[in-house]
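Me: I have a structure open here and would like to go through it piece by piece. Could you help me read it?

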Amino acid sequence: MQSEKEITTKYLTLNMGPQHPATHGVLRLVLDLDGETVVKCTPHIGYLHRGMEKWSESRTYPTAMPLMNRLDYVAAVANEIGYCVAVERLLGVEVPERAKYIRTMTAEMVRICSHIIWLAAHAIDIGAMTVFLYSMRDRETLLDLFEMLCGARLLHIYPRIGGVRCDVSQEFLDGVYKFTDKFPKLIEEYETLIDQNRIWFQRTKGIGVIGAEEAINLGLTGPTLRGSGVAYDIRKVSPYDAYDKVEFDVPVGKNCDVYDRYRCRMDEFRQSNRIIRQCVEKLPDGLVLNPDAPGLDMLPGPIKKAAPVPAPEADAVPVMSPAGPAFTEIYSATEVPKGELGYYIVSDGTGKPYRMRIRTPSFMHISALPRFCEGNLVADVIALIGTIDIVLGECDR
Amino acid sequence: MTLKQFIKRIFLIEIMQGMALTLKMMFTHAVTRQFPEERRDPIPGFRGRHAFVRDSKTGKEKCIMCMKCSTVCPSQCIYISKQKREEDGKFYLAQFDIEALRCIFCGYCVEVCPVCALVLTEEFEYSAYTKEEIYFTREKLLANWDEFAAKQKVETYFNKFWRPEGLDTSKMTKFKREQGPVLLKPGAATPEAAQVPAEKETA
């Protein structure tokens, strides 16, 4: 008779994705399994690589903008705003007050959209079907509002360098205000379904525990980091647009597990709702686009009028320029629904970026996924992919 | 475990609450639309199929071959060429093609056009079996406009990207500043809207 210790087993290699519906896009995970426990997890990315960073070097700043919403396509406006903020800091362009408020409002609307998609996908992955249906129903209201605002439902192309593209109509503002009235009740509906549900508890509590220090070391940002108990939010730390003029709280988790990250995002729904409401109430009058900002027909040659001398408040550092155009570089970060989206642009004083690098939250989160998965069961991998909230378009760029 | 928690656990209170919500939803209105039968009107300003505005005076397109649209087009899907006419030495529009399969519907071309010649109509159903059908030449773009105009119930049409609200108009061309709603059906009221561009810009 062989004793149990003498039986040797080999690890089973399981390929999850890239066509798996629960991997939120084209993510491929190679899992080494010991029984049902994950020993090693290797993410393979790059199935959606489109060469955005290189491509944008061949286009002028305004015409590269429509590409940026292809990063995180469920929160298109947030990416565009991030890009515009970066270019505005680089070129020293002022944004009118009204445009700032409109941008803040749309960014928060799209945050709700993105979190709704996250909640729907996360819940249906774990097994709660009804949440998916209810949340998709409410996203529709927001998409209709976006259609009214800028004529597109998903890829909005709404902000412009130095403001936004067109003014909001009264009908749109009424619609948004009505939505903010209604939305808290809808959040309660989602919570009735899963918040105290024992199946939800068992699938999420105590899974994927990552402490505050380790979360920072892994480079997590956004709600994924805040669920680990770190109150780091770029909207508070270095405010852009109108975030310093509106009141909101940063929800923070305590137990650092999947459930706390879920709670964090549910609280962010309420905070976003609050911000939108304040923006509608405080919306000032005036132009929505700086008349001196570079227009759509910006030339690719050297910028004549406003040389890229950064504004004093911008943290651009001029680097060596022995001859030829003045090189300037800038790193500008904004808080998108997934986390910290940073644009690093090197300018040589022309209408095109000399080099552009995009720091995307999904890329960082996927690189932390092996740490999340190791030692957990295969079924938990699905919950863990959900909790880091990734979009592969953003990861692969 | 307190008695309250024990009761909650035994009687599945939280699951019953969820079930009650779904049961309640059974008696509310359906939110889905049965699409091909039930349609929603597209919201004005939706960026859909491309068209050339047919000038009610000349009956032709208003394009002045300034090449602005093909310059700003992020996906570079607009092809324009102009040729010199032998008789009077003036340039005329020889080719204006939009490869709609490559278009990303950003509407930049509509916004930069100095004479408001281009428009992204609210038309969104135009799938086809061949590539050629969605390769819009100049004639097709005008036909798109006629098709769009025939479907509209109102007399005039103004696209919000011709002159977006809330922008400083002083830098826009005179024609863009004065652009009013265009007539959809030719020959009804006085064509106040259809003005001839003040200065002919070439290149």
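Me: To start with the interface, which side chain does B:Glu111 meet in a salt bridge?
Reply: This is a predicted model, so what follows describes a prediction. In it, the side chain of B:Glu111 forms a salt bridge with the side chain of A:Arg165, with 2.6 Å from N to O.

Me: How many salt bridges are there across the interface of chain A and chain B?
Reply: The rule finds 5 salt bridges across the interface of chain A and chain B. Polar contacts are counted separately, and for those the rule finds 18 residue pairs, with both residues at pLDDT 80 or more.

Me: Which elements of chain A give two or more residues to the side that touches chain B?
Reply: Those elements are α2 (61-68), α5 (129-150) and α6 (170-194) of chain A. Of these, α5(A) gives the most to the side that touches chain B, with 8 residues.

Me: And how do the residues on that side of chain A divide into nonpolar, polar and charged?
Reply: The side of chain A that touches chain B has 19 nonpolar, 7 polar and 14 charged residues.

Me: How many residues does each chain bring to the contact, and how much area do the two bury between them?
Reply: Chain A brings 40 residues and chain B brings 37 residues. Between them the two chains bury about 3300 Å², and 55% of that is on carbon and sulfur atoms. In chain A, the residues that lose the most area to chain B are A:Arg165, A:Arg198 and A:Leu296, which together account for 22% of what that side buries.

Me: Changing topic, what is the secondary structure of chain B?
Reply: Chain B has 6 helices and 7 strands, and along the sequence they follow the pattern α-α-β-α-β-β-α-β-β-α-β-α-β.

Me: Is chain B compact or spread out?
Reply: Chain B is more spread out than a compact globule, because its radius of gyration is 26 Å, well over the 17 Å that the globule rule gives for 203 residues. Along its principal axes, the C-alpha trace of chain B spans about 100 × 35 × 35 Å, and buried residues make up 40% of the chain.

Me: What about chain A, how many helices and strands does that one have?
Reply: Chain A has 15 helices and 9 strands. Its radius of gyration is 22 Å, close to the 21 Å from the globule rule for 397 residues, so chain A is as compact as a globular protein of that length. Of the 397 residues in chain A, 61% count as buried.

Me: Is helix α14 of chain A mostly covered or mostly open?
Reply: Helix α14 (residues 378-388) of chain A is mostly covered, since 10 of its 11 residues are buried. Among them are A:Val381, A:Ile382 and A:Leu384, and also the charged residue A:Asp380. Just after α14(A), A:Asp389 takes a positive phi of about 55°.

Me: One last residue: is B:Asn159 buried or exposed?
Reply: B:Asn159 is buried, because its relative accessible area is 2% and the cut-off for buried is under 20%. This residue lies in the loop between β6 (156-157) and α6 (174-178) of chain B.

Me: And what does the side chain of B:Asn159 reach?
Reply: The side chain of B:Asn159 reaches the backbone oxygen of B:Leu120 at 3.3 Å, while a polar contact of 3.0 Å joins the side chains of B:Asn159 and B:Tyr157. Not counting residues up to four places away in sequence, B:Asn159 touches B:Val110, B:Val119 and B:Leu120.

Notes: Residues are numbered from 1 along each chain as its sequence is written. Chains are lettered from A and ligands numbered from 1 in the order in which they are written. This is a predicted model: local features need pLDDT of at least 70, side-chain atom pairs count only at pLDDT 80 or more; totals for chains, interfaces and linings use all residues. Side-chain values use heavy atoms; hydrogens and water are left out. Contact means heavy atoms within 4.5 Å. Buried area is the accessible area (1.4 Å probe) that two parts lose on being put together, summed over both. A salt bridge is a side-chain nitrogen of Lys or Arg within 4 Å of a carboxyl oxygen of Asp or Glu. A polar contact is a pair of N or O atoms within 3.5 Å; within protein, one must be able to donate a hydrogen and the other to accept it, and residues adjacent in sequence count only if both atoms are side-chain atoms. Helices (H or I, at least four residues) and strands (E, at least two) are DSSP runs, numbered from the N terminus. The radius of gyration is taken over C-alpha atoms; the globule rule is 2.2 Å times the number of residues to the power 0.38. Buried means under 20% relative accessible area, exposed over 50%, partly exposed in between (1.4 Å probe, protein chains only).
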